[in-house]
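Colleague: I should like to learn how to read a two-chain model feature by feature. May we go through one together?

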Amino acid sequence: MKHSLGSVLKRCLLVASLIVAASCSPGPKGKAGQQYQIIWPTADGHYEIQKVQIDTFGDPSRLKGEFASLLVEPRIGAAGLEGERPVGRFIRSSGGVLVPADFITHQGTVVYAHMERLHRLDREVGIEGGSFVWPAKIGLRANVADAQGPLQNNAIYDGLLNALLLVPYTDTGLPITLNGGVLAHEHFHSIFQHYVLSSLGTQWHGLDAAIHVCGIDETPSPEIQITRIGGSGSRDDKLAREVTELEYNRFLIRGLNEGFADFWGWIYSGDPKFIQRSLMAAGQVRDLSQDMDALPSRETIRSSLRRLTQPRARSSLSYTFGSHYARFMRRLVEAQSASHSVHDRAAQLEVARALKDALPVIAHSFKTGFGSEFIAPEVALKPLLSALQKVTPDSCALLESFVSSRVSSSIRPADCPLPAGVPAEASAVEASGAEAIGAEAAGGDEEPSADTFSSAPVTPVTLTPVEDGEL
Amino acid sequence: MIRRLLFLFITFVSVALLLAADAFAQPMVAVGGGLVLEQEGRSKKLETRVPLVLRGGWSFSEFDGFVEYQTFGTTDGEGYVSVHRRHHGWLGFARLKLPPVNEKLIPFLGAGAGLHFESVRTKIAAQSVETDGSLRASAAIATGVMLTNARGFDVSLDLRLVTSDGFQPNPTFGATLALGARF
């Protein structure tokens with residue numbers, strides 16, 4: 001059988017037509033109600049493979065939808081965060097469920113599904129609009145480095161870029177990209193950025209820029225951990241230096257940011273150990289199910305900061321400080337709950353709403369005193385409790401325990417009467433930060449040992465840096 | 001599982017037809033490896049897959065007709081999570097032999113059409129779920145050369161473009177190198 005050139009060309013043309021026709025077939029579409037088979041938390045906080053509905057994942061083949069735009073291996077360019085548009089690879093099961101066929105696609109789908117639900121949570125707590133965050137800019141496999149090299153096992157919210165960067169995970173637990181609690185924690189940072197940090201202007205931006213360059217959230221080196229809190233008159237005291245108002249307040253605001261974010265992570269995930277699922281050591285320190293410690297005093301914090309001169313160590317310590325607030329707020333949910341349960345969704349949302357409403361007030365406190373006074377660690381308490389619809393007696397008692405002997409009218413919301421035996425005048429004096437700091441600066445530095453802050457009736461107050469990866 | 005049985009059945013039928021071929025055609029089989037350039041995660045970077053290639057069919061004087069099966073797998077993950085994907089593709093291929101360069105080296109043009117599907121196994125700790133994707137149509141064009149000898153063995157190398165709505169990029173570029181025998 002002989003073939004002419006014309007015959008061959010005709011056959012090629014036919015095949016080419018078939019190829020073009022096949023190429024025009026559409027990829028997967030993310031219609032509302034589409035189900036995806038992904039790794040997802042169960043009601044008790046464990047993670048397993050489940051079918052999860054995502055309503056707004058408009059272009060799954062580009063991992064893009066209404067609430068998040070994902071980039072892979074992003075970099076910083078002229079237009080902010082830039083990177084490759086990811087390719088979403090799915091198979092469709094016989095039941096019509098889309099199954100991510102590679103890990104990048106799996107991560108992107110899980111992150112998007114959490115973002116869709118975090119947007120829902122925002123609306124439930126009254127964060128309307130939210131154009132400051134939605135669609136969230138998220139970088140997968142982000143290459144973020146500090147002086148020690150590329151960061152791993154972390155998630156970073158960058159306030160300047162207004163973007164969430166997820167760096168590679170090399171540990172043996174749940175990848176951070178799949179950890180809903182961690183994603184909620186990072187999402188809260190964008191809320192805090194909007195309501196608090198943005199209003200502080202350059203006072204905060206100076207630090208923010210440093211974080212941006214260094215890549216935030218480092219692990220303290222061993223020598224820092226050893227020298228973290230020494231006793232009075234120790235060798236560390238000789239190395240210690242005075243802490244400025246700016247340094248102290250930056251530490252405080254960062255600690256609040258981290259503590260509130262841990263609370264947000266718990267509210268979203270319902271899992272008090274959500275960090276532990278990905279980062280064992282840090283997760284134990286920040287386990288929200290542990291007993292609540294009394295809030296460290298201003299003096300305790302200053303003492304700790306004097307001995308921790310390196311920014312990395314101070315950064316780690318801020319997480320520990322934040323955990324005090326996170327555990328208090330979890331207990332506050334229980335105290336506000338009619339059923340006295342931390343699982344009471346209505347009480348969880350009530351406290352979350354109060355936190356949202358308290359943020360502008362907290363921002364105002366920092367704005368007025370950021371560079372000129374040592375702001376009290378209790379700065380968030382009154383705005384938070386005052387924003388609750390009604391403060392229960394249990395919440396008032398919880399507040400007493402949390403602030404230890406530092407009871408004052410500046411901390412106490414109107415619904416909480418002063419306990420018997422505490423004169424209002426004495427409380428008011430104690431609340432004056434300027435007087436307390438002034439006495440200390442004049443040589444009255446009679447603070448108790450940071451290791452055992454004896455005035456705390458709940459648990460002795462210590463501030464110990466987190467010893468492993470942070471978020 | 002049903003689809004795998006279907007593919008095994010088609011393989012069985014193909015072999016049976018090989019054995020029953022008439023005098024006008026020589027049964028042929030080939031085994032080899034390939035190269036498939038796929039996108040994964042990032043649109044501008046291509047990842048290399050190395051599929052196993054199996055062929056069975058008939059060789060006529062002017063063209064070859066055969067069925068080709070290709071399979072490859074990929075695994076990726078972090079922590080105690082992994083995603084394993086396996087591709088199964090089946091193409092009916094016609095290969096038109098062009099005038100030989102010499103008595104051993106024969107260039108050819110080829111075109112084919114067929115089906116493929118992918119299965120995904122997702123693992124988290126001890127839990128593992130495997131899902132088969134739906135069957136999809138695919139088509140291919142190819143060009144290459146075949147080195148033959150008088151004892152009925154040949155080595156063929158082809159470059160190809162394969163298209164399907166499930167491929168990324170679409171079409172996907174690939175190559176195969178196969179050692180064949182004619183009976």
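Modeller: Let us begin with a term: helices and strands here are DSSP runs, numbered from the N terminus. The model before us is predicted. With that numbering, B:Pro171 is placed in the loop between β8 and β9 of chain B.

Colleague: What kind of peptide bond joins B:Asn170 and B:Pro171?

Modeller: The bond between B:Asn170 and B:Pro171 is cis, with omega about 5°. A cis peptide bond also joins B:Gln168 and B:Pro169, where omega is about 0°. B:Pro169 too is found in the loop between β8 and β9 of chain B.

Colleague: Which backbone angle deserves attention at A:Asn153?

Modeller: The angle is phi: A:Asn153 is not a glycine, yet its phi is positive, at about 55°. This residue belongs to the loop between β10 (149-150) and β11 (155-158) of chain A.

Colleague: How is the size of an interface expressed?

Modeller: One often quotes the accessible area that is lost when the parts come together. In this model, chain A and chain B bury about 3800 Å² between them, and 60% of that area is on carbon and sulfur atoms. On the side of chain A, the residues losing the most area to chain B are A:Ile49, A:Arg89 and A:Phe103, which together account for 17% of what that side buries.

Colleague: How many residues of each chain are in contact?

Modeller: The contact involves 47 residues of chain A and 42 residues of chain B.

Colleague: Which polar and charged pairs should I look for across the interface of chain A and chain B?

Modeller: There are 9 residue pairs in polar contact between chain A and chain B. The elements of chain A that give two or more residues to the side touching chain B include α1 (5-23), β2 (47-54) and α2 (103-124). The largest share of that side, 6 residues, comes from α1(A). By class, the side of chain A that touches chain B has 24 nonpolar, 13 polar and 10 charged residues. Salt bridges across the interface number 2. In one of them, B:Glu38 pairs with A:Arg89, with 3.5 Å between the closest N and O atoms.

Colleague: How many salt bridges are found over all chains?

Modeller: The search of the whole structure gives 24. Among them is the pair A:Asp262 and A:Arg286, whose N to O distance is 2.8 Å. A:Asp262 lies in helix α7 (residues 245-269) of chain A and A:Arg286 in the loop between α8 (280-285) and α9 (298-307), so this salt bridge ties together parts that are 24 residues apart in sequence.

Colleague: Finally, which residues form the nonpolar patch on the surface?

Modeller: The patch consists of B:Val145, B:Leu147, B:Val155, B:Leu157, B:Leu177 and B:Leu179, with about 500 Å² of accessible area together. Two or more of its residues come from each of β7 (136-148), β8 (153-163) and β9 (172-182) of chain B. B:Leu147, for instance, is in strand β7 of chain B.

Key. Residues numbered from 1 in each chain as written. Chains lettered and ligands numbered in written order. Predicted model: local features only at pLDDT ≥ 70, side-chain atom pairs only at ≥ 80, totals over all residues. Heavy atoms only, no water. Contact = heavy atoms within 4.5 Å. Buried area = accessible area lost by both parts, 1.4 Å probe. Salt bridge = Lys/Arg side-chain N within 4 Å of Asp/Glu carboxyl O. Polar contact = N/O pair within 3.5 Å; in protein donor to acceptor, adjacent residues only side chain to side chain. Helix = DSSP H or I, 4+ residues; strand = E, 2+ residues; numbered from the N terminus. Nonpolar A, V, L, I, M, F, W, Y, C, P; charged D, E, K, R; others polar. Patch = residues over 30% accessible without salt bridge, like charges linked within 9 Å, V, L, I, M, F, W, Y side chains within 5 Å. Areas by Shrake-Rupley, 256 points an atom, 1.4 Å probe, with all protein chains shown as cover.
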